[in-house]
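This report describes selected features of a two-chain model. The sequence and the structure are shown first, and the description follows.

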Amino acid sequence: MKGNELKVKGLKGISQIAITLVVGMALIGMASLANAGGKVYKIGLSLAITGPTSDAGNPYAKGVEDYFRFVNDTKLLGDDKIECTIKDDQYQTDVTKRNFEDFLDQGIVFYLNYSTGSTLALKKDFDEVEIPVLPASFHAGNVEDSKYIFLPIASYSEQTILLAEYIVKNNKGAKPKVAMFIHPSAFGRGPVSDLEKAVAAGLGIEIIEVVEHGKDLDNTAMLQRLMSKGVQYVLCQTIQSPVATMLKDAARLGLTAKIFGEAGKITFLGAHYTGGNDLIDLAGAGAENFFWTTSYTITSEPGAGTDAQLSLAKKYGRDDKAANSHNYANGVMVAQVATEVIRRAKEKGVEITKKALYDELNAMNGDKAYQPPTTVGPVTYSATDRAGVDSLQIYSVQQGKFKKIGEPITSEFIKKIK
Amino acid sequence: MSYFFQIVVSGIVVGSIYALAALGLVLIYKSSRVANFAHGQIIASGAFITYALTVWATIPIYISFFISLIITFFLAWSVERIFLRRLIGEPIISVIMVTIGLASIIDGLIYLTPFGTKNFSFPQFLPSEPIAIAGVSISWTQLVGVIITTLLIGSFSWFFKKSTVGISMRAVSDDQFASMSVGISVPSVFGLAWATAGLSAAAAGGIIGNITGLNFDTLHAFGIVVFPVVILGGLDSILGAVVAGIIMGLIQQFAGGYLDGNWGLNGTGEVLPYIILLIILLIKPHGLFGIHEIERV
């Protein structure tokens, strides 16, 4: 009796294995049929979907995901498809490294990274495997001594220097006194020395103080100290949350300039990750008259970029917050650049490899510059130019919305200090 | 002179909010000798519940704030009932490890909601113009925060000193076995400690969220930011949390107002509280108001 039971169990086991094998092979067959004639290009993205800075990373990931879905759905690359694996690293460099190594095992030809810390830490790895990388960090140090990292837009240094140039052009009276309000990390500190170099090269501002913020509930003391030193402008290079708290405090103390450079008040300005709709969400009315620069178009201004961004977000069912985020635009843009280099390499009939895409990025200049709809200028790269979009647009918060100030401009002093 | 007084006022405001945020840690430690590493997540949860009730359920913020206190009271009580009750009698380190795990679970749950990765701010419900007296200003949000903090801390002090339940909680804190022998239900006391800690954390979350805006990273970080306050105050002392909170707030503001930016110093407001904490702990190892326990063998 027992022997019979064992036999029946054995037969059942064999038949289950057989069924699994048949179903598995059928699925593999269907998958290959579905992509018949097309190739799959693998791309990896590791970023903070959860954890610190995930308020930026989350919409960024959605932007990347949506654009690659769009590419595949609309057959922008013909029968070929892009397969982008997105992994959460919770803003931890060790996890990013592990994700990157997993991606390499999967055979990626292009890599999208996120934070300043992990980009700096993995720089040697990128060089070793010779893979082109677009990070979400615009830290100027990313591209130093590295051939394979390309910044999507002008560096934080360039953004900060451009804002300082804007101050010089629009300040009335004596040499403007400026303080920097920065994140206590490489991300925040990056532009400080470059701004100091620009000042040494003749940029007409006086840097009174560099403040590294903490987790402050109240910035009264700091703001009063800056006022007592005659500071008229505060340049921020950090994330939105500490800027929002500072702006609220400044508004409460009656220190916020109602117009740019108002005497006896402070005008606040900031680089890419300080601004956007999230700042308005956090600071409310305190964000009024905050000046911000980025190379992206924003959805509070009508235009082709806004239309493209909103329609993509709508197509893939994104909510209003993600759809209107400049970090969503940021994610879309890096996906567009990656797609464009694949398209160009394909057009030439060359095999899509890391090297082919790297070469295409380096050739992206002159009449081969690439103009995504969501940036204020073209993306240009070369062996010596590692910042994609060089133009920057200045925006300021007017009645609760970021509005354009003038036309896109480029920094003069960044060239002098390079 | 207004410069000085403004810094004093800001220091007291910040300090009293620290005290309120620290209160939950003190309440749990006071009854169970456990440091709750999920405290920051409970602070954030309180703020998010208030926001959800106010904005999504369109309940007036005054009411939604109190509802959130009640919800968080029961949430924290449930947490104790489900996860921690079975650990009574186990080594304290096991319970602490569970609170670390709990922090990860709450993190994960919050990341499943829009609050995990999106920023929000409470609708303006107080006058935006600050109150200014002799050049010293305080916002309505800060003032209301200080008033709520004072009320809650006063209530808790009364509760622990005068009410039967409060005295039972203190008795459990002193000696669990002796308390049981006189008929006090230790598990119920632990549950109540977690529940009241949840309530105070939610109040702190609502106030901090009104000041900084609702960003999960910022909010849950306060669970760790207030640890020095609790240690300086003496871990199990409510009065200690209040005094230490205000000391910390004043140190931060004075450092920011007078030291930073001078003599090449920067960020002293972040470091100085820890330096002073170390000095005080060298002199008073149990904190300013902590109980010095002597065990006779």
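A crossing of two helices is called right-handed if the near helix is turned clockwise from the far one by less than a right angle, and left-handed if it is turned anticlockwise. The model to which this term is applied here is a predicted one.

In chain A, helix H6 (residues 156-170) packs against helix H7 (residues 186-200) at an angle of about 45°, and their axes lie 8 Å apart. Angles from 65 to 115 degrees count as roughly perpendicular, those under 35 as roughly parallel and those over 145 as roughly antiparallel, with the rest oblique; H6(A) is therefore oblique to H7(A). The crossing of the pair H6(A) and H7(A) is right-handed. On the side of H6(A), the contact is formed by A:Tyr156, A:Ser157, A:Thr160, A:Ile161 and A:Ala164, while H7(A) contributes A:Gly190, A:Pro191, A:Asp194, A:Leu195 and A:Ala198. Sorted by class, the residues of this contact are 6 nonpolar, 3 polar and 1 charged.

Between the chains, 33 residues of chain A are in contact with 37 residues of chain B. On chain A, at least two residues each come from helix H2 (54-73), strand E7 (206-212), helix H8 (220-228), helix H9 (240-252) and helix H10 (277-283). The most is given by H8(A), with 6 residues. The side of chain A that touches chain B consists of 12 nonpolar, 11 polar and 10 charged residues.

Chain B contains 12 helices and 2 strands, arranged along the sequence as α-α-α-α-β-β-α-α-α-α-α-α-α-α. Its radius of gyration is 19 Å, close to the 19 Å that the globule rule gives for 297 residues, so chain B is as compact as a globular protein of that length. Along the principal axes, the C-alpha atoms of chain B fill a box of roughly 60 × 50 × 35 Å. Of the 297 residues in chain B, 53% are buried. Among contacts in chain B between residues at least 6 apart in sequence, 74% link residues at least 24 apart.

Backbone geometry supplies a further point. Most residues other than glycine have a negative phi. Two residues with a positive phi are listed below, one from each chain.

| Residue | Phi | Loop | Other C-beta atoms within 10 Å |
|---|---|---|---|
| A:Lys75 | near 55° | between H2 and strand E2 (81-88) of chain A | 11 (exposed) |
| B:Thr58 | near 50° | between helix H2 (39-56) and helix H3 (61-84) of chain B | 8 (exposed) |

Terms used: Residues numbered from 1 in each chain as written. Chains lettered and ligands numbered in written order. Predicted model: local features only at pLDDT ≥ 70, side-chain atom pairs only at ≥ 80, totals over all residues. Contact = placed C-beta atoms within 7 Å. Helix = DSSP H or I, 4+ residues; strand = E, 2+ residues; numbered from the N terminus. Nonpolar A, V, L, I, M, F, W, Y, C, P; charged D, E, K, R; others polar. Rg over C-alpha atoms; globule rule 2.2 N^0.38 Å. Buried ≥ 20, exposed ≤ 12 C-beta atoms within 10 Å, placed from the backbone. Axes fitted to C-alpha atoms, helices over the stretch in contact; angles between N-to-C directions.
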